[in-house]
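Q: I am new to this structure and would like a close look at one part of it. Please pick a single helix and set it in the context of the whole chain.

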Amino acid sequence: MNPQTGLSLDQAPPILVPFRFFLSAPLFALLAALLALWFGPSLLDSRWQPPVLALTHLMTLGFLGMAMVGAMMQMLPVLAGSPVARPVGVARAVHGLLIPGVLLLAGGFLLGMPLPVRLAMALLGTGFMIFIVAAGLSLWRAPSGNPSMIGMRFAVAGLSVTVVLGLVLASNTGWAWWLTRWVQVTNLHATWGLLGWVGPLVIGVSYQVVPMFQLTPAYPKSMTRWLSGMLFLLLLLVSATFLLPEGRVQEPATRVVALLIVAAFAAFALVTLRLQLRRRRKQSDVTLLFWRFGMACLLLALVLGLAGQAMPAWAGAPRADFMMAFLFIAGFAVSVVNGMLYKIVPFLIWFHLQSLLIGVVRVPNMKVIMPEPGMRRQMWLHFAAVPTLALSALWPPLIYPAALLFGTSMILLEVNLLSAFRIYQQNAKLATKGS
Ligand code: HEM
């Protein structure tokens, strides 16, 4: 391990381990945009429609799941010096199971057919089980003091709860409608997925990558030590309130815990924005801008969540859920992941080429691997897509320009990632010829 950076780069897995996930992720988001274009404003009539459920999972499992699983396979060995055992086999199996699993789940929702949902359950259940066991073992062995590792442990636990609840819900769709409180179970599943898996992973990874890539001071120790655990505890409390009989006790109890969860995420967003203001290099780059935009969207989503707590009329307003979901998923989570891909991908290509090309030819630098103008074009499209999407919750015809902007931005993201990967392949060929 390098004592200055705290990284164990010698433990990095082969490049295809994370890249197979990174290169697949934008294609799912593109499918989601195409679905939105196809169904148009009627999508916003209700969150329970089959195309909405399909779209949600193309984004949460397809885009975010792929990118986050890929990032964890890369980061566990490098940040913790604790590699996932047999990374190539695990990556192949997990990727090979999740891809058809997500497509079948989305297809099953869309067509209203039980068989694809049943197949999806087997594929997604097995794929996630392999990932959770492999990542869990690596996290178990990792040194316990690393704050990113603490965040990742809680995130993997959150993912496990989400997957179990998802499978329970899917069994309801795939066989008989046996669940009586399926609305509450869906809300619990969505809460664990977004606030127990996506949120804590972003938080855990930020502790390491924000100071390292954006040259900011470190996150406060009190935050890195307590926040993820506290969030996990609060989510357990939310789940416990779900067991209380509906009515006088359940409602205020859920409200108090929800307020605490909002406060925890708001603290993270505000501290991140403050640290970024105190960064050493004053120029802004694409990753920084994506990250700031993501934090602003997270804060807006939290304000809407608070408004729902304070004014039940707003929470009950048609499409309030949509605005919050667009801001959280597309505005916060996709932006942060997108920004991070623009740091990790050129760095990994540069790093792998360096070991291959030493003494053969000069290693291309990171600005050549991932040129700034291409990243900026894609970033501006994304920055235009998110507010348009959020506003489509108020005026549904805006879903058309929003989906067009979002879809185009995802095509550009795929093009940028593929062009960088092609540079790797071309140079790797040179190395084999030169050796
Ligand atoms: C094995 C993986 C998963 C399966 C089988 C699954 C299954 C389901 C099912 C069947 C529903 C619909 C419930 C109903 O209407 O009866 C649902 C809803 C939902 N799921 Fe998943 N899910 C999985 C993973 C995830 C993950 C990882 C996330 C988030 C990161 C997520 C986020 C959501 C959300 C937000 C909803 C609510 C959608 C809405 O209100 O329109 N799911 N899931």
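A: Helices here are DSSP runs of H or I with at least four residues, strands are runs of E with at least two, and both are numbered from the N terminus. The model is a predicted one. On that definition the chain has 14 helices and 0 strands, so its pattern along the sequence is written with α alone, from α-α at the start to α-α at the end.

The part chosen is helix α13, which covers residues 372-392. Its 21 residues reach 30 Å from the first C-alpha to the last, close to the 30 Å expected at 1.5 Å a residue. Which residues of α13 are buried? They are Met 375, Gln 378, Met 379, His 382, Ala 385, Val 386, Leu 389, Ala 390 and Ser 392. Seen down the axis of α13, these buried residues fall within an arc of 150°, so they line one face of the helix. A residue counts as buried if 20 or more other C-beta atoms lie within 10 Å of its own.

The whole chain gives the setting for this helix. Of its 435 residues, 47% count as buried. A compact globule with 435 residues would have a radius of gyration near 22 Å, and the chain agrees with this at 21 Å. Its C-alpha atoms fill a box of roughly 70 × 45 × 40 Å along the principal axes. Among contacts between residues at least 6 apart in sequence, 78% join residues at least 24 apart.

Another helix, α1 (16-39), can be set beside α13. Helix α1 has 24 residues and reaches 35 Å from its first C-alpha to its last, close to the 34 Å expected at 1.5 Å a residue. Just after α1, Gly 40 takes a positive phi of about 65°. Asp 45 lies in the loop between α1 and α2 (50-80). Asp 45 is partly exposed because 13 other C-beta atoms lie within 10 Å, a count between the 12 or fewer of an exposed residue and the 20 or more of a buried one. Asp 45 and Pro 318 are 273 residues apart in sequence, yet their C-alpha atoms are 7.9 Å apart in space.

There is also a ligand, with 29 residues around it. The closest are Thr 60, Gly 166, Leu 169, Ala 190 and Gly 193. At least two residues of this shell come from each of α2, α4 (114-141), α5 (147-174) and α6 (182-214). By class, the shell has 17 nonpolar, 11 polar and 1 charged residues.

Definitions and conventions. Residues are numbered from 1 along each chain as its sequence is written. This is a predicted model: local features need pLDDT of at least 70, side-chain atom pairs count only at pLDDT 80 or more; totals for chains, interfaces and linings use all residues. A residue is near a molecule or strand if its C-beta atom, placed from the backbone, lies within 6 Å of it. Ala, Val, Leu, Ile, Met, Phe, Trp, Tyr, Cys and Pro count as nonpolar, Asp, Glu, Lys and Arg as charged, and the others, Gly among them, as polar. The expected span of a helix is 1.5 Å times one less than its number of residues. The radius of gyration is taken over C-alpha atoms; the globule rule is 2.2 Å times the number of residues to the power 0.38. Two residues are in contact if their C-beta atoms, placed from the backbone, lie within 7 Å. The arc is that of the directions from the helix axis to the C-beta atoms.
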